[in-house]
Amino acid sequence: LGFLESVWPGDTESPELLRQWFGYVLSGRTDLQKFMYFKGLSRSGKGTIVRILEALLGSENTCGTDFAAFGQGGFGMELLVGRQLVTFGDVRYTGDQRTAQTAISKILSITGEDKLHIDRKYKTPWTGTVPTRMMLLSNEMPWFKDSSSAIVGRMLLLVFKQSFLGREDHTLEVRLRQELAGIFNWALAGYRGHHAGCQSSFA
């Protein structure tokens with residue numbers, strides 16, 4: 001909680017949204033059809049938060065990938081099969097509109113719980129609904145273009161304004177990992193609060 005206060009000083013809504021997101025991911029649910037977008041400065045806590053959530057889920061249930069590669073053809077979707085969380089680091093617009101739109105289309109299909117046909121290298125194609133929640137990290141504001149505006153309705157946005165560059169606490173992640181049980185209970189309380197219809201940032 002002290003770490004979250006240092007990331008969002010005086011802000012109670014951002015930590016609460018993060019808590020609900022943690023609870024949602026840990027619950028295994030996909031029916032809210034949301035994905036998370038972290039926008040913020042370098043060394044602002046984005047990566048630390050992601051790694052703690054990955055530790056709660058277990059490395060075998062998570063993966064990371066490149067946004068541009070995800071928007072290209074080939075076997076970019078294969079790694080999502082059986083994964084509960086996928087993280088896109090350093091998302092940015094490179095000017096390749098076709099690749100960007102393909103990636104956005106895939107995000108909409110996955111968050112929309114569509115049945116997908118996924119090609120796999122040296123294996124038969126896989127067909128089904130992936131249980132994957134998605135997190136995008138960037139230093140830039142979202143630039144997504146979607147004529148239907150569906151992407152806006154599915155995105156949860158957390159902004160990181162505090163940079164710890166030059167004053168990093170290199171023991172922080174080790175100490176947070178020692179508190180995984182407490183963090184799990186914190187996330188569970190956020191999930192229960194949302195599920196019970198309490199004030200929610202998911203709306």
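Which residue follows helix 3, and what is the sign of its phi? The residue is Gly58, with a positive phi near 100°. The model described here is predicted.

**The chain as a whole**

The chain carries eight helices and seven strands. Its radius of gyration is 17 Å, close to the 17 Å that the globule rule gives for 203 residues, so the chain is as compact as a globular protein of that length. Along the principal axes, the C-alpha atoms fill a box of roughly 45 × 35 × 35 Å.

Of the 203 residues, 43% count as buried. The chain exposes about 10500 Å². Carbon and sulfur atoms supply 51% of that area. Contacts often reach across the sequence: among those between residues at least 6 apart, 77% join residues at least 24 apart. There are 23 positive and 20 negative charges, and their mean positions are 3 Å apart.

**Three helices side by side**

| Helix | Residues | End-to-end C-alpha distance | Expected span |
|---|---|---|---|
| Helix 2 | 13-27 | 21 Å | 21 Å |
| Helix 3 | 46-57 | 17 Å | 16 Å |
| Helix 5 | 97-111 | 21 Å | 21 Å |

Helix 2 has 15 residues, and at 1.5 Å a residue its span agrees with expectation. Helix 5 also has 15 residues, and its span agrees too. Helix 3 has 12 residues and comes close to its expected value.

**Helix 2**

Buried residues of helix 2 include the aromatic side chains of Trp21, Phe22 and Tyr24. Leu17, Leu18 and Val25 are buried as well. So are Ser14, Pro15, Gln20 and Gly23. After the helix comes Gly28, whose phi is positive, near 85°.

**Helix 3 and its link to helix 7**

In helix 3, the buried residues are Lys46, Thr48, Ile49, Val50, Ile52, Leu53 and Leu57. Gly58 then follows the helix.

Which residues does Glu173 touch, leaving out those up to four places away in sequence? They are Arg51 and Ile52. Glu173 itself lies in helix 7, residues 172-177. Ile52 is one of the buried residues of helix 3. Thr48, another of them, is 125 residues from Glu173 in sequence, yet their C-alpha atoms are 6.6 Å apart.

**Helix 5 and Thr111**

Helix 5 buries Thr99, Ala100, Ala103, Ile104, Lys106, Ile107, Leu108, Ser109, Ile110 and Thr111. What covers these residues? The cover includes strand 1 (35-40), strand 4 (116-120) and strand 6 (133-138). It also includes helix 4 (67-70) and helix 6 (150-154). Just after helix 5, Glu113 takes a positive phi of about 60°.

Thr111 is found in helix 5. Is Thr111 buried or exposed? Its relative accessible area is 5%, and the cut-off for buried is under 20%, so Thr111 counts as buried.

Setting aside neighbours within four places in sequence, Thr111 is in contact with Thr30, Gln33, Lys34, Phe35, Met134 and Arg154. Three of the covering elements appear in that list by residue number: Phe35 falls in strand 1, Met134 in strand 6 and Arg154 in helix 6. Val130 is 19 residues from Thr111 along the chain, and their C-alpha atoms are separated by 9.1 Å.

Notes. Residues are numbered from 1 along each chain as its sequence is written. This is a predicted model: local features need pLDDT of at least 70, side-chain atom pairs count only at pLDDT 80 or more; totals for chains, interfaces and linings use all residues. Side-chain values use heavy atoms; hydrogens and water are left out. Helices (H or I, at least four residues) and strands (E, at least two) are DSSP runs, numbered from the N terminus. The radius of gyration is taken over C-alpha atoms; the globule rule is 2.2 Å times the number of residues to the power 0.38. Buried means under 20% relative accessible area, exposed over 50%, partly exposed in between (1.4 Å probe, protein chains only). Contact means heavy atoms within 4.5 Å. Accessible areas come from the Shrake-Rupley method with a 1.4 Å probe; for residues, only the protein chains shown count as cover. Lys and Arg count as positive and Asp and Glu as negative; His and the chain ends are not counted. The place of a charge is taken as NZ of Lys, CZ of Arg, CG of Asp or CD of Glu. The expected span of a helix is 1.5 Å times one less than its number of residues.
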